[in-house]
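This briefing introduces a structure to a reader who has not met it before. The notes that follow are grouped by topic and may be read alongside the sequence and the model.

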Amino acid sequence: MPSNKSVSDAPIVQFTNCRILRDHQLQREDLWVREGKILNPEKLFFDEKGSADVQLDCKDSIIAPGFIDVQINGGFGVDFSLATDDFKSGIDLVSQKILSHGVTSFCPTLVTSPPSVYHQVLPQISVRNGGSHGAGILGAHLEGPFISKEKKGAHPEHCLRTFEAGAFQDLLATYGSLDCVQIVTLAPEMKRSSEVIRELTKRGICVSLGHSVANLSQAEEAVQHGATFITHLFNAMLPFHHRDPGIVGLLTSDKIPAGRRVFYGMISDGIHTNPAALRIAHRAHPKGLVLVTDAMAGMGLAPGRHTLGQQVVEIDGLNTYIAGKCCTKTLSGSVATMDTCVRHFQEATGCSAETALEAASLHPAQLLGIEHKKGTLNYDSDADFLMLNDSLYVQATYIAGEEVWRQDVSGM
């Protein structure tokens, strides 16, 4: 069939011999891509009378949407919460390195820091598309400093803040700007938090509940004011209690506004959450689960001492603790990669490959309201996708239809 270039002169690439994750199922279809977008082959055939310029044999690989990490503090020696002169080169390094782990978009995350750090770092973070240079940046995730002292976790207590009379103005003064901010984690039991949640939501910023001693009614009120996310469920919050399940109770609450879904992040590394707790959460509210790495600077590096913002942390295998004699069992972020989290999630829950993959792609996209272009392989969405084998190991990563990383099999 002759190619008709009346619509576009850009080449059409057809990925064949593959199973595509679409509509929650792996379907044996071809994937068609042009100008960085997923094409509808019926329109191509019947409207344009077109055909592929290039065909690529995927050798029975799974093709799934690229992973989206909405909570990553750094990696490969780079700490996003440290104000350095070469911050941009650091974020570029992380965005490039995480391509091999299937991440095509992410939210660089800053833990609780002094205002001076936010003022210096945030202007250096800009929303950008991904490509051969690295994964796309969706905006910053600010985890703190408006969190509970009792559940501060690895966050430095001397930097914690409360909302005073100015409330939202206090937040603005602390951060300096919200121009590149996508998510803010705060403790909803803090006084005046409701008005802050409303103001952030008005600006299209996702509000997440975390590092908190909130009871269920306080958490429900926060959701009614616009909060839609829970930061690393079970970690740094009150444990589940049958008379007041706290923030965890949002997973089965009957007071969520109609048409609203509460999402929750989980660090599926086998360390932060017991597999039984992971199974409980998933079975209670499967459509809200969002896999996050919560990775810190030590991800990809040898065990030893590394940083997490203002703190020094000790890495021992997959365990990460605040360094020092008095706090050696305080967990402090993760060193697990996203592909590892996906595989552990599937193993721990016994869920399908489709479910595990969507927890790292579709669900974070829905959380951020970008599912029309990211997190799916629907027609006209961005051609950010992965090739994986049946064990969910990433073989190749594509952004906007271009290969940006491929597993080196020369030594295998």
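The lining of the largest cavity divides into five nonpolar, three polar and one charged residue. That cavity holds about 50 Å³ of space, in a model that is predicted. Further points on cavities, pockets, strands and individual residues are set out below.

**Cavities**

- The structure contains two cavities of 30 Å³ or more.
- The largest cavity is lined by Asp69, Ile72, Ile98, His101, Val103, Thr293, Met299, Thr337 and Met338.
- The second largest cavity has a volume of about 30 Å³.
- Its lining is made up of Pro65, Gly66, Ile68, Thr104, Ser105, Lys374, Gly375 and Asp384.
- By class, the residues around the second largest cavity are two nonpolar, four polar and two charged.

**The largest pocket**

- The volume of the largest pocket is about 360 Å³.
- This pocket is lined by 15 residues, of which Ser61, Gln395, Arg406, Gln407 and Val409 are the closest to its centre.
- Strands S5 and S21 each contribute at least two residues to the lining of the largest pocket.
- S5 gives the most to that lining, with five residues.
- In terms of class, the lining of the largest pocket comprises eight nonpolar, four polar and three charged residues.

**The second largest pocket**

- The second largest pocket encloses about 300 Å³ of space.
- Among the 21 residues that line the second largest pocket, those closest to its centre are Arg128, Asn129, Lys373, Lys374 and Asp382.
- Its lining residues are divided into eight nonpolar, six polar and seven charged.
- Where does the second largest pocket lie with respect to domain 1 and domain 2? Domain 1 (12–64 + 376–406) and domain 2 (80–368) both give residues to the lining, so the pocket lies between them.
- Lys374 belongs to the lining of the second largest pocket and also to that of the second largest cavity.

**Strand S20 and its partners**

- In a regular strand, side chains alternate between the two faces of the sheet.
- In strand S20 (residues 385–388), Phe385 and Met387 point one way, while Leu386 and Leu388 point the other way. All of these residues are buried.
- Strand S5 (residues 54–65) pairs with S20 in the antiparallel sense over four bridges. Within this pairing, Ile62 stands opposite Leu388 in S20.
- S20 is also joined by four bridges to strand S21 (residues 394–399), and these two strands run antiparallel. Thr397 in S21 is the bridge partner of Leu386.
- S20 and S21 form a hairpin with five residues between them. In the turn, Leu392 has a positive phi of about 65°.

**The position listed in UniProt**

- An unreviewed UniProt entry lists Asp294 under "active site".
- Asp294 is located in the loop between strand S16 (289–291) and strand S17 (304–308).
- Is Asp294 buried or exposed? Its relative accessible area is 6%, and because buried means under 20%, Asp294 counts as buried.

**Backbone features**

- Gly144 and Pro145 are joined by a cis peptide bond, with omega of about 10°. Pro145 is placed in the loop between strand S11 (140–143) and helix H4 (168–175).
- Asp60 is not a glycine, yet has a positive phi of about 70°. This residue lies in strand S5 and is partly exposed, at 31% relative accessibility.
- Arg192, a residue other than glycine, likewise has a positive phi, near 70°. The place of Arg192 is in the loop between strand S12 (181–186) and helix H5, and Arg192 is partly exposed at 38% relative accessibility.

**Arg203**

- Arg203 is found in the loop between helix H5 (193–202) and strand S13 (206–209).
- With 45% relative accessibility, Arg203 counts as partly exposed.
- Arg203 and Asn129 are 74 residues apart along the chain, and their C-alpha atoms are separated by 21 Å. Asn129 is one of the residues closest to the centre of the second largest pocket.

Terms used: Residues numbered from 1 in each chain as written. Predicted model: local features only at pLDDT ≥ 70, side-chain atom pairs only at ≥ 80, totals over all residues. Heavy atoms only, no water. Buried < 20%, exposed > 50% of the residue type's maximum accessible area, 1.4 Å probe, protein only. Pairing = 2+ DSSP bridges. 1 Å grid on protein atoms, 1.4 Å probe; cavity = no way out; pocket = protein on both sides within 12 Å on 5 of 7 lines; lining within 4 Å. Points joined across faces, edges and corners; volume = space filled by probe spheres on them. Nonpolar A, V, L, I, M, F, W, Y, C, P; charged D, E, K, R; others polar. Domains from an automatic or database assignment. UniProt positions renumbered as here; feature names shortened; annotations may be inferred.
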